Amino acid sequence: MPELPEVETTRKGIEPYLVDVIVDRVVIRQPMLRWPVTPELPTRLAQQVIRSVTRRGKYIAIHTDVGTMIVHLGMSGSLYLVDQKTEALFHDHVDIILGSGKCLRYTDPRRFGSILWTEEDWFAHPLIRSLGPEPLTDEFNVDYLTAQAKSRKKPIKTFIMDSKIVVGVGNIYANEALFMSGIRPDKPAGGISKKRLALLVDNIKTILSAAIKQGGTTLKDFVGGDGKPGYFKQNLSVYGRAGEPCVNCQKALIESRLGQRSTVYCPACQK
DNA sequence: CTCTACCCCTGTCTGC
DNA sequence: TGCAGACAGGGGTAGA
């Protein structure tokens with residue numbers, strides 16, 4: 001499940017093989033992703049030179065002079081380079097065939113991801129326009145979060161997972177950041193002191209940057225192979241550990257559901 | 001405006 | 001062993 005660190009690691013991994021490279025053609029085997037792949041994509045992208053590869057939240061953007069391809073990896077998507085001769089498997093839905101002899105391949109068993117084409121400024125695209133700040137920038141700070149949380153009743157976990165508030169905090173890191181901050185996931189966002197929100201902001205930044213750093217060092221093949229970024233087996237304190245002892249106090253961790261998402265916390269350490 | 005439930009999809013796991 | 005059902009999850013969207 002690509003969270004922001006995985007997405008950024010993917011962007012960094014594919015960027016060197018794309019910038020200044022011309023697209024030969026585009027092959028779409030399965031257009032039915034989260035939304036249908038933009039039908040014009042193959043004709044518009046063909047013969048264009050890729051100028052840059054950027055990211056906003058969990059969206060990756062591949063820019064040309066005439067438009068931008070926007071990719072979201074969804075739950076199970078991956079984007080990687082293969083040799084053009086590499087045979088496509090069942091879940092290999094889209095190939096961007098490059099003039100370099102390589103091929104940027106999009107694989108997504110569950111098809112929760114999306115591939116779209118836009119010819120306007122991509123920051124103006126409906127999916128991108130209303131996104132909140134990037135968690136690792138100064139724009140995401142305690143003053144901002146406090147202002148946003150003011151008089152909000154929704155649980156703090158659901159709140160920080162809302163991409164309009166801040167992008168890139170998925171379920172795993174939301175659980176972990178709240179544990180690190182000693183905050184119960186179901187506490188209404190508006191009722192948490194500024195001091196504790198400051199701690200939360202710091203911990204979100206810490207955990208995401210640590211995961212990105214780890215991804216940068218443990219990640220292997222974006223070229224050849226199966227392209228799977230190999231998941232970071234970082235030490236998770238609460239996620240996936242329901243019923244097991246808290247790493248701090250040994251009490252059994254509790255699992256509940258918030259906003260249809262699995263939520264794990266320590267009943268003693270988180271208040 | 002705020003919030004919750006639902007839905008898209010399929011590989012993997014659990015229970016009968 | 002086989003099969004049905006639950007579950008995982010980002011995030012848009014409908015409806016309360």
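Which atom of DNA strand C lies 3.2 Å from a polar side-chain atom of Arg 34? Hold that thought, everyone, while I say what we are looking at. This is a predicted model, where local features need pLDDT of at least 70, side-chain atom pairs count only at pLDDT 80 or more, and totals for chains, interfaces and linings use all residues. Residues are numbered from 1 along each chain as its sequence is written, chains are lettered from A and ligands numbered from 1 in the order in which they are written, and side-chain values use heavy atoms, with hydrogens and water left out.

Let's begin with the protein. Chain A is assigned domain 1, covering 4–129, and domain 2, covering 142–265; such bounds come from an automatic or database domain assignment. Between the C-alpha centres of domain 1 and domain 2 there are 28 Å.

Now for the inside. The largest nonpolar core has 26 residues, and Leu 18, Met 69, Ile 96 and Ile 115 touch the most other members. By nonpolar core I mean a set of buried Ala, Val, Leu, Ile, Met, Phe, Trp, Tyr and Cys residues joined through side-chain atoms within 4.5 Å. Buried means under 20% relative accessible area, exposed over 50%, and partly exposed in between, with a 1.4 Å probe and protein chains only. A second, separate core holds 25 residues, including Phe 140, Ile 160, Ile 183 and Ile 192. Going back to Ile 115, its contacts (heavy atoms within 4.5 Å) include Leu 33, Pro 36, Met 69 and Tyr 106, leaving aside residues up to four places away in sequence.

On to the DNA, and to my opening question. The partner of Arg 34 is a base nitrogen of DNA strand C, 3.2 Å from a polar side-chain atom of that arginine. This is a polar contact, a pair of N or O atoms within 3.5 Å; within protein, one must be able to donate a hydrogen and the other to accept it, and residues adjacent in sequence count only if both atoms are side-chain atoms. His 72 uses a polar side-chain atom too, 2.6 Å from a phosphate oxygen of DNA strand C. In Asn 171, a polar backbone atom is 3.2 Å from a phosphate oxygen of that strand. Altogether 17 residues surround DNA strand C, with Tyr 59, His 72, Tyr 239, Arg 257 and Arg 261 the closest; a residue is near a strand if one of its heavy atoms lies within 4 Å of it.

What about DNA strand B? Its surroundings include Arg 34, His 91, Phe 112 and Gln 260. An N or O atom in the side chain of Arg 152 is 2.4 Å from a phosphate oxygen of DNA strand B. Lys 153 brings a backbone N or O atom to 2.5 Å from a phosphate oxygen, and for Lys 154 the distance is 3.0 Å, again from a backbone N or O atom. Of the strand B atoms within 4 Å of the protein, 59% belong to sugar or phosphate and the rest to bases.
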